[in-house]
Amino acid sequence: ESLMDVLAQGTFPHRAIELEKASEQIRTEFGRSRRYHRPLSLLVVQASPKEDEVTREMLKSVQHDIYSRLSNARVGQSIGNSIRQTDLLMRDYVGRFLILCPETDLEHAKSLAERTCKVVGDRTGLHSTCGVASFPDEALTFEDLLHIARDRSKQLSAPAVPVMMYEEVVK
C-alpha cells in the first residue's frame, strides 16, 4: 500500500497533507479568523470515474487500486496547482480533498468551487463535486464546517441541487 502511495505521489506530486496531520494548521487558521473577525471557508472535493459500471468491469482489484491512487494523486496535483499558496490542501481518510481557504467568504468559496471542479475535470477527465461551507456564518468549528460541506457535496446526486453546490462534468 505504501509503495502505491509513493508511486502515485511520485507520478503526480501534490501538496495535500493528511487531515490528521493538519490539526495544528487548522487551529491556527480558525484562531486567526476568530481573532481578526475574518471569514474562512472549507471545500470538500470528491472525484470519481464517470462510468462506475464500465470501470468496475475493466479494472480488477490491483488495477483498480493503481488507477484510484494515481487518479487521486493527479486530482491533488491539479487542485494544488490551482489554489492560492495560503490555502491549505488536505485529504481525509476516504480520499476526499479538503481546501481550507483563509480570508475567503462564502461567495468567493463558491467561485473557487466552480473553478476547482472545472480544473479537475479538464486535467483528469474525472467527474467532481464540491460542497462549500463558511465560518462564521454557517459553522463555528472545523468539524461543523466539514460536516456541512460533506453533506452538500453528497447532495449533488439528488434531483434538486442547492444553490451552494457546484458540479462540473467534462463531456
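## Helix 6, cores and salt bridges

The exposed residues Glu 143, His 147 and Lys 154 sit on the face of helix 6 that points away from its buried side. The model described here is a predicted one.

The buried residues of helix 6 are Phe 142, Leu 145, Leu 146, Ala 149, Arg 150, Arg 152 and Ser 153. Viewed along the axis of helix 6, these buried residues lie within an arc of 165°, so they line one face of the helix. The length of helix 6 can also be checked. With 13 residues at 1.5 Å a residue, helix 6 should span 18 Å, and this agrees with its end C-alpha atoms, which are 18 Å apart.

Helix 6 belongs to a chain with six helices and six strands. Starting at the N terminus, the order of these elements is α-β-α-β-α-α-β-β-α-β-α-β. The chain has 171 residues, and 43% of them are buried. About 9500 Å² of the chain is exposed, and 53% of that area comes from carbon and sulfur atoms. Of the contacts between residues at least 6 apart in sequence, 72% join residues at least 24 apart.

The next topic is the nonpolar cores. The largest nonpolar core holds 19 residues, and the members that touch the most others are Leu 43, Ile 79, Leu 89, Phe 97 and Ile 99. Strand 2, helix 4 (61–82), strand 4, helix 5 and strand 5 each give two or more residues to this core. Helix 5 gives the most, with six residues. What does Leu 89 contact, leaving aside its neighbours within four places in sequence? The contacts of Leu 89 include Ile 79, Phe 97 and Ile 99, and also Arg 15, Ala 16 and Ile 17. A second, separate core has 18 residues, among them Leu 19, Leu 40, Leu 100 and Ala 133.

Charged side chains come next. Side chains of opposite charge can pair when their charged atoms come close. Across the whole structure, a search finds nine salt bridges. The table gives some of them.

| Salt bridge | N to O distance |
|---|---|
| Glu 103 and Arg 38 | 2.8 Å |
| Lys 110 and Glu 107 | 3.2 Å |
| Glu 138 and Arg 152 | 2.6 Å |

Glu 103 and Arg 38 form a salt bridge. This pair links distant parts of the chain, 65 residues apart: Glu 103 is in the loop between strand 4 (97–102) and helix 5 (106–124), and Arg 38 is in the loop between helix 2 (23–36) and strand 2 (40–48). Glu 103 counts as partly exposed because its relative accessibility is 44%. Arg 38 is also partly exposed, at 37% relative accessibility.

Lys 110 and Glu 107 are joined by a salt bridge too. Both are in helix 5, three residues apart, so about one helical turn separates them. Lys 110 counts as buried because its relative accessibility is 10%, which is under 20%.

Glu 138 and Arg 152 also meet in a salt bridge. Glu 138 lies in the loop between strand 5 (127–135) and helix 6 (142–154), while Arg 152 lies in helix 6, so the pair ties together parts that are 14 residues apart in sequence. Is Glu 138 buried, exposed or partly exposed? Glu 138 is partly exposed, at a relative accessible area of 23%. Arg 152 counts as buried, with a relative accessibility of 15%. Elsewhere, Asp 92, Arg 96 and Arg 150 are joined into one network by salt bridges that share partners.

Methods
Residues numbered from 1 in each chain as written. Predicted model: local features only at pLDDT ≥ 70, side-chain atom pairs only at ≥ 80, totals over all residues. Heavy atoms only, no water. Salt bridge = Lys/Arg side-chain N within 4 Å of Asp/Glu carboxyl O. Helix = DSSP H or I, 4+ residues; strand = E, 2+ residues; numbered from the N terminus. Buried < 20%, exposed > 50% of the residue type's maximum accessible area, 1.4 Å probe, protein only. Contact = heavy atoms within 4.5 Å. Areas by Shrake-Rupley, 256 points an atom, 1.4 Å probe, with all protein chains shown as cover. Core = buried A, V, L, I, M, F, W, Y, C linked by side-chain atoms within 4.5 Å. Expected span 1.5 Å × (residues − 1). Arc of directions from axis to C-beta.
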